[in-house]
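Open the model in your viewer and set the display to cartoon. The stops below go from one helix to the sheet, then to the core and the cysteines.

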Amino acid sequence: MSEPGHLAYAEYPLPVPEVGALLVEVLRANVCGSELHIWNGRHPVKRRGGLGHEMVARVLALGEGRTTDNRGEPLSVGDRVVYTYFQTCQRCAQCLGGQYNLCDNAYEHFGKQPEEAPHFHAGFATHYYVHPLQNVYKVPEALSDSVAAGANCALSQVIYGIDQIDVRYGETVLVQGAGGLGLGAVAVAKERGARVIVVDEVPARLDQAKAFGADHVLDMNDHASTAARVDVVQQLTGGRGADVAVEVAGVPAAFAEGLELLRRGGRYLVMGNLSPGATVPVDPGYVTRKALTVRHIDRYEARYLWQALTFLVEHGDDYPFEDLGDAEFAFDDVQEALDKSLRREVTRAVIRMNDK
């Protein structure tokens, strides 16, 4: 991306992987909400450079000493893999304190511009260079490329977040936003034994939420105000409100509304809002009087990528993960995929990388 809203194509020689690194060939990549923040110029740090971080790939070359994935499974040329788009440096204050998802050097390579060797640090490219401190996991044979591509970051993120907010059996979970993360959150919450309510304004997304097992969906077009939506949630929960809310809409107003949709003593998991400078009025006293717990989550611990693959193997047939990529685009049509995703014309756009 040369600047927000504009793409330029560049070619570079394929690098030889260093000790412990991998060179992989990208098979499929998804358009994640974070790409849309970057695409419309609302990302906190990225204003230009490579895009794409949800992908599945095939091993093309292994650096010296790299013989296994991070589970100890043997790795060979031709194996399909997924990998974290960030690294865990294991030396910064956050890593040494056990907060691996907050690694201060997580984006040391992800943040590099394409002209910087080894060039391939983004998903919307034919190849990707996996550095030694990025976690890599072999994709189980049972998973298709289209399902495996969403393990990082969407499903890994929601499994990690739901663990942090401690969703319990029998609770009511309200999910704000029925994109890729929201639908993953529905599946994970259902497997935890929760009742799930989904709020969105796009009918096609709400249909997918139903297919993923949502017990109730709330169309914002039919309930146009926060008060109206609060009233519906109150009716569905016996006048209490949701036990847990999950914000994956990426809309600042959703945060303020989520506080009102929760019961007293409820818990709020916030993962979608990351655009700097976007503010909404919030009454701190209201949060205190309701004794709410608000937990903001940035990234996830790398081991959760394997948990995501395991979840897909064990439960993937129970949910329509195969249908999440509801619009496929060839590599040459990346800009169209981004534009349509930004206009919310698709739930999840998939880029086929090496199909020429």
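Helices here are DSSP runs of H or I with at least four residues, numbered from the N terminus. The model is predicted.

**Stop 1: helix α6**

Select residues 203-211, which make up helix α6. Which residues of this helix are buried? They are R205, L206, Q208 and A209. Now turn the view until you look down the axis of α6: the buried residues fall within an arc of 155°, so they line one face of the helix. An α-helix has 3.6 residues a turn, so residues three or four places apart point the same way. To see what covers these buried residues, add α5 (180-191), β7 (195-200) and β8 (216-219), which are among the covering elements. Then move past the end of the helix to G213, which follows α6 and has a positive phi, near 105°.

**Stop 2: the sheet**

Show the strands next. An open sheet is formed by 6 strands in the order β8-β7-β6-β9-β10-β11, with parallel pairing. At the edges are β8 and β11 (293-296), each of which pairs on one side only. Between neighbouring strands of this sheet the turn averages 15°, direction ignored.

Select β6, residues 172-176. On one pairing, 5 bridges join β6 to β7, and the two run parallel; here V175 stands opposite V198 of β7. β6 is also joined to β9, by 4 bridges and again in parallel, and V173 has V244 in β9 as its bridge partner.

Move on to β9 (242-247). Is this strand mostly covered or mostly open? It is mostly covered, with 6 of its 6 residues buried. β9 pairs with β10 in the parallel sense over 5 bridges, and the bridge partner of E247 is V270 in β10.

**Stop 3: helices across the sheet**

Add α4 (residues 151-165). This helix lies across β9, β10 (262-270) and β11, and runs at about 145° to β10. Then add α7 (residues 226-236), which lies across β6, β7, β8 and β9 and runs at about 165° to β8.

**Stop 4: the nonpolar core**

Show side chains for V24, Y83, F124, V175, V198 and F321. These have the most contacts inside the largest nonpolar core, which has 92 residues. Helix α4 gives the largest share of this core, 9 residues. Apart from this core lies another, of 9 residues, including L218, V232, V233 and A242. In soluble globular proteins, nonpolar side chains tend to be buried together.

Centre the view on F124. Which residues does F124 contact, leaving aside its neighbours within four places in sequence? They are A29, N30, V31, E35, L51, G52, F331, V334, L338, I351 and M353.

**Stop 5: the cysteines**

How many disulfides does the structure hold? The number is 0. Select C32 and C153: the sulfur of C153 is the closest cysteine sulfur to that of C32, but at 4.0 Å it is too far for a bond. C32 counts as buried, at 3% relative accessibility. Finish at C95, which is in no disulfide; the nearest cysteine sulfur, that of C92, is 3.7 Å away. C95 also counts as buried, because its relative accessibility is 3% and the cut-off for buried is under 20%.

Technical notes
Residues are numbered from 1 along each chain as its sequence is written. This is a predicted model: local features need pLDDT of at least 70, side-chain atom pairs count only at pLDDT 80 or more; totals for chains, interfaces and linings use all residues. Side-chain values use heavy atoms; hydrogens and water are left out. A nonpolar core is a set of buried Ala, Val, Leu, Ile, Met, Phe, Trp, Tyr and Cys residues joined through side-chain atoms within 4.5 Å. Buried means under 20% relative accessible area, exposed over 50%, partly exposed in between (1.4 Å probe, protein chains only). Contact means heavy atoms within 4.5 Å. The arc is that of the directions from the helix axis to the C-beta atoms. Two strands pair if DSSP finds at least two bridges between them. Axes are lines fitted to C-alpha atoms, for helices over the stretch in contact, and angles run from 0 to 180 degrees between N-to-C directions. A disulfide is a pair of cysteine sulfur atoms within 2.5 Å.
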